[in-house]
Amino acid sequence: MWRAVVSRPLDRSCQLPALGTVDQKSGEFWIGNAFMMPRVGANLSAFERNRLFLNVKRQRFLDASFASRADIDSDSRSVVAADFDGDGAPDLLVGSSGGGSLRLFRNRFPRTTHHVRMNLEGVTSNRLAIGTRVIAHCGDQQIVRDLFTPNGCMGQGPPEMILGLGTATTIDRLSVRWPTGRVQEFRNLPVDCRITIREGMQKFVVEKPAGSRTP
């Protein structure tokens, strides 16, 4: 149990006496001037173990914190989910308050389903194709994704699009609606690969990324 009492004096040079006995054994401390806290390295933030939850069959979440080793005891503030190693599985980049190194947690979860990574290139639209909506039809399954740069606390993810396709072995139909409102459709696309689509072009490019993990 710890307690924080903060007083910001109008005089930046003054020193306020402690309000009472400071129990240092229990983690209490006193800084006579709150403006001096960064200089002496004092931090009022709580250190709690991070948590990682795994979505199970879209119905419930499994606490995989300990098994994933992502449950570090740190004052973490930002997290970016992105495919840093290019294998088609989102990894986690975690940044914590107070400095120190960033931590990258690679996704080594066994691959039992299929996916596809979409590289969209705008021509009339913006170059990164931010704002594009993709709809993938796989049998009776419809997957809708919007391309944007996810923003969180003190962090921003890259504009990338990875579609999880479950057990589908092909994309029957893919609809791409660009920010300009133009819509393009493609049929019979492969899975477990990287597909590049350029605005206005009727052909797409398929590439098998290095280090990709397939079922």
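**Figure 1. A salt-bridge network joins Asp-83, Arg-117 and Glu-160.** The model is predicted. Three side chains take part in this close-up: Asp-83, Arg-117 and Glu-160 are linked through salt bridges. In total, the structure holds nine salt bridges. Side chains of opposite charge can pair when their charged atoms come close.

**Figure 2. Arg-51 and Asp-63 form a salt bridge.** The N to O distance is 2.4 Å. Distant parts of the chain are linked by this pair. Arg-51 sits in the loop between β1 (48-49) and β2, while Asp-63 belongs to strand β3 (residues 60-63). They are twelve residues apart. How accessible is Arg-51? With a relative accessible area of 54%, Arg-51 is exposed. Asp-63 is partly exposed, at 36%.

**Figure 3. Arg-133 pairs with Asp-146 in a salt bridge.** The closest N and O atoms are 2.7 Å apart. This pair, too, links distant parts of the chain. Arg-133 lies in strand β9, and Asp-146 lies in strand β10 (residues 141-146). The two residues are 13 residues apart. Arg-133 counts as partly exposed, at 30% relative accessibility. Asp-146 also counts as partly exposed, with a value of 37%.

**Figure 4. A salt bridge connects Arg-173 and Glu-185.** Here the N to O distance is 3.4 Å. Arg-173 is in strand β14 and Glu-185 is in strand β15, so the salt bridge ties together parts twelve residues apart in sequence. Relative accessibility is 23% for Arg-173, which counts as partly exposed. Glu-185 counts as partly exposed at 42%.

**Figure 5. The largest nonpolar core has 23 residues.** Which residues have the most contacts inside this core? They are Met-118, Leu-120, Leu-163, Leu-165, Ile-171, Leu-174 and Ile-197. Six strands give two or more residues to the core: β8 (114-121), β9 (133-138), β13 (161-166), β14 (171-177), β15 (183-189) and β16 (194-198). In soluble globular proteins, nonpolar side chains tend to be buried together. Across the protein chain, buried residues make up 33% of the 215 residues.

**Figure 6. Leu-165 and the residues it touches.** Residues up to four places away in sequence are not counted here. Leu-165 touches His-114, His-115 and Val-116. Its contacts also include Cys-138, Gln-141 and Ile-143. Ile-171 and Val-191 complete the list. Two names recur from the core: Leu-165 and Ile-171 are among the residues with the most contacts inside it. Cys-138 is buried, with a relative accessible area of 6%.

**Figure 7. Cys-138 and Cys-193, two buried cysteines.** What is the relative accessible area of each? For Cys-138 it is 6%, and for Cys-193 it is 5%. Both fall in the buried class because the limit is under 20% relative accessible area. A disulfide is a covalent bond between the sulfur atoms of two cysteines. The disulfide count for this structure is zero.

**Figure 8. Leu-54, Leu-62 and Phe-109 make a nonpolar surface patch.** The patch covers about 270 Å². Leu-54 lies in strand β2 (residues 53-56). Leu-54 is partly exposed, with a relative accessible area of 30%. For the whole protein chain, the accessible surface comes to about 14,000 Å². Carbon and sulfur atoms account for 52% of that surface.

**Figure 9. Arg-69 has a positive phi.** Its phi is near 65°, and Arg-69 is a residue other than glycine. Most residues other than glycine have a negative phi. Where does Arg-69 lie? Arg-69 is found in the loop between α2 (65-68) and β4 (73-74). At 69% relative accessibility, Arg-69 counts as exposed.

**Figure 10. Asn-188 also has a positive phi.** The value is about 55°, although Asn-188 is not a glycine. Asn-188 lies in strand β15, an element that gives two or more residues to the largest nonpolar core. Is Asn-188 buried or exposed? Asn-188 counts as exposed, at 58% relative accessibility.

**Figure 11. Overview of the protein chain.** The protein chain has two helices and 17 strands. Of the contacts with a separation of 6 or more, 44% join residues 24 or more positions apart.

Key:
Residues numbered from 1 in each chain as written. Predicted model: local features only at pLDDT ≥ 70, side-chain atom pairs only at ≥ 80, totals over all residues. Heavy atoms only, no water. Patch = residues over 30% accessible without salt bridge, like charges linked within 9 Å, V, L, I, M, F, W, Y side chains within 5 Å. Areas by Shrake-Rupley, 256 points an atom, 1.4 Å probe, with all protein chains shown as cover. Salt bridge = Lys/Arg side-chain N within 4 Å of Asp/Glu carboxyl O. Helix = DSSP H or I, 4+ residues; strand = E, 2+ residues; numbered from the N terminus. Buried < 20%, exposed > 50% of the residue type's maximum accessible area, 1.4 Å probe, protein only. Core = buried A, V, L, I, M, F, W, Y, C linked by side-chain atoms within 4.5 Å. Contact = heavy atoms within 4.5 Å. Disulfide = S-S within 2.5 Å.
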